[in-house]
Amino acid sequence: MKQDTQSMTNDEPDDGVLLPIGEVSLLTGVNAVTLRAWQRRFGLVIPARTPKGHRLYTSENIQEIHEINAWLAKGVAISKVKPLLMSTAKSLPIKMVETQVIDLWGEQITALNTAVFDFNQHKLQQILDDAFGLYPFQLVKEKLMQPWLNQLDDLVDERLDAELILAWLKSELLSRVGGRYAFGGQAVAARMAVVQLSRGAATPPNSARTKSLFSLLLLLELASLRVSVIDLGEQAIGSLPLLQGRLNLDALLLMPDPNHSGSEQAEMLTVLAQMSFPCRFVGPFAPTLTSLSAFWAPSMTDLIGQMPSRAVGKTNRSHKGKGKSEQGKSGESNDIS
């Protein structure tokens with residue numbers, strides 16, 4: 001098949017151009033597992049197929065995905081989206097549309113808290129499977145994971161079993177990073193290391209817990225973006241130059257404590273000037289480093305987009321009716337049904 005040599009950009013595909021599922025995932029932020037689930041369970045986003053069964057998506061499919069994402073962002077459950085995609089739905093009274101909106105995320109947060117306090121592994125993983133399987137990661141992060149972990153941080157504050165609960169939860173969430181959300185067989189988008197910066201003064205227990213919960217969410221997000229991660233744990237800022245020439249990284253993500261002094265921030269700036277790879281501050285306390293705002297990280301998606309390509313799995317675009325596409329590069333090789 002003749003291949004279009006143009007690499008994928010953030011632009012919509014031209015009419016007549018078909019995209020493999022891996023490229024559609026990068027373009028829309030909806031992973032391949034979710035796209036397959038939408039089609040299989042709800043009859044949404046029906047692609048064309050190659051003779052060998054691989055999915056190829058049109059510009060109309062891409063537009064449908066954008067519309068679905070818009071409804072999901074308004075709070076509509078994926079199971080109730082299909083009728084709203086019809087042209088007549090655009091003229092529905094607001095009150096009729098509002099009947100489709102439920103407190104989906106609030107219900108899930110309550111269920112997650114119950115599962116964690118009971119150490120109910122099956123229930124916890126079932127809720128997360130449904131959320132990550134049916135909704136785009138960024139939506140789940142914004143509507144479910146961040147509010148839940150913030151609430152959980154407050155709920156365990158006065159509990160005697162707080163450390164046990166968080167240790168168990170950390171084990172369960174890390175199993176997802178190493179399991180379902182590993183990107184076995186797919187190209188690595190970037191290689192990063194994560195460091196929690198330590199201070200001479202002891203970190204308050206609640207701040208340490210907040211950082212720990214954030215780091216779990218960060219690892220889940222990086223895994224969803226096909227980032228290979230080295231978790232270096234807690235390190236002093238002065239030890240970072242020892243990584244020079246020893247790790248092949250696209251970026252080093254630094255999680256600071258709250259209220260670093262002016263002298264500590266000055267030391268950080270001196271160290272960052274020595275590093276041969278980009279260093280970015282992330283986490284709930286990064287905005288407190290006011291003198292280092294130039295090193296605050298953008299979103300992880302934007303950060304990866306700023307990096308030189310590391311064979312991110314970008315594929316060539318395929319024209320209708322001209323044979324088979326390069327399935328291997330898109331991560332679509334296992335997507336035959």
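Me: Why is strand β4 called largely enclosed by the rest of the structure?

Reply: In this predicted model, strand β4 covers residues 190-198, and seven of its nine residues are buried, so the strand is largely enclosed by the rest of the structure. The word buried is used here for a relative accessible area under 20%.

Me: What makes β4 a partner of β5 and of β6?

Reply: Two strands count as paired when at least two bridges are found between them. Eight bridges join β4 to β5, and these strands run parallel; M192 stands opposite V229 of β5. Five bridges join β4 to β6, again in a parallel arrangement, and the partner of A193 in β6 is L252. Since the cut-off is at least two bridges, the eight bridges to β5 meet the condition, as do the five bridges to β6.

Me: How do you know that β6 pairs with β7?

Reply: Three bridges join strand β6, residues 251-255, to β7, and the two run parallel, which satisfies the requirement of at least two bridges. One position to look at is L252, which stands opposite C279 in β7, while L252 is also the bridge partner of A193.

Me: Why are β5 and β7 said to stand at the edges?

Reply: Four strands form an open sheet with parallel pairing, in the order β5-β4-β6-β7. β5 (227-236) and β7 (279-281) each have a single partner strand, so one side of each is left without a neighbour in the sheet. As for the geometry of this sheet, its neighbouring strands are turned by 25 degrees against each other on average, with direction ignored.

Me: What makes Q235 partly exposed rather than buried?

Reply: Q235 is found in strand β5, and its relative accessible area is 31%. Buried would require a value under 20% and exposed a value over 50%, with partly exposed in between, so at 31% Q235 counts as partly exposed. Q235 and Q196 are 39 residues apart in sequence, yet their C-alpha atoms are 6.2 Å apart in space.

Me: Why is the contact between D129 and R176 called a salt bridge?

Reply: The cut-off is 4 Å between a side-chain nitrogen of Lys or Arg and a carboxyl oxygen of Asp or Glu. For D129 and R176 the closest N and O atoms are 3.0 Å apart, so this pair qualifies. D129 lies in helix α6 (residues 121-134) and R176 in helix α8 (residues 162-178), so the pair ties together parts that are 47 residues apart in sequence. Their surroundings are not alike on the accessibility scale: D129 has 29% relative accessibility and counts as partly exposed, whereas R176, at 4%, is buried. The structure holds six salt bridges, this one included.

Me: How do you know that K141 and E221 are buried?

Reply: The relative accessible area of K141 is 17% and that of E221 is 3%; each value is set against the limit of 20%, under which a residue is called buried, so K141 and E221 are placed in that class. Their side chains meet in a salt bridge, at 2.8 Å from N to O. K141 belongs to helix α7 (residues 137-155) and E221 to helix α9 (residues 205-224), so the pair ties together parts that are 80 residues apart in sequence.

Me: What makes the contact of R209 with D157 a link between distant parts of the chain?

Reply: R209 is in helix α9 and D157 in the loop between α7 and α8, 52 residues apart. Their side chains meet in a salt bridge at 2.8 Å, N to O, a value within the 4 Å limit. R209 is buried at 8%, while D157 is partly exposed at 39%. D153 joins D157 and R209 in a network of salt bridges.

Me: Which element gives the most to the lining of the second largest pocket, and how do its residues divide by kind?

Reply: That element is α9, with four residues, and the elements that give two or more residues are α7 and α9. The pocket holds about 250 Å³ of space and is lined by 17 residues, of which F214, V282, G283, A297 and P298 lie nearest its centre. The lining divides into twelve nonpolar, three polar and two charged residues; Phe, Val, Ala and Pro are counted as nonpolar and Gly as polar.

Key. Residues numbered from 1 in each chain as written. Predicted model: local features only at pLDDT ≥ 70, side-chain atom pairs only at ≥ 80, totals over all residues. Heavy atoms only, no water. Axes fitted to C-alpha atoms, helices over the stretch in contact; angles between N-to-C directions. Buried < 20%, exposed > 50% of the residue type's maximum accessible area, 1.4 Å probe, protein only. 1 Å grid on protein atoms, 1.4 Å probe; cavity = no way out; pocket = protein on both sides within 12 Å on 5 of 7 lines; lining within 4 Å. Points joined across faces, edges and corners; volume = space filled by probe spheres on them.
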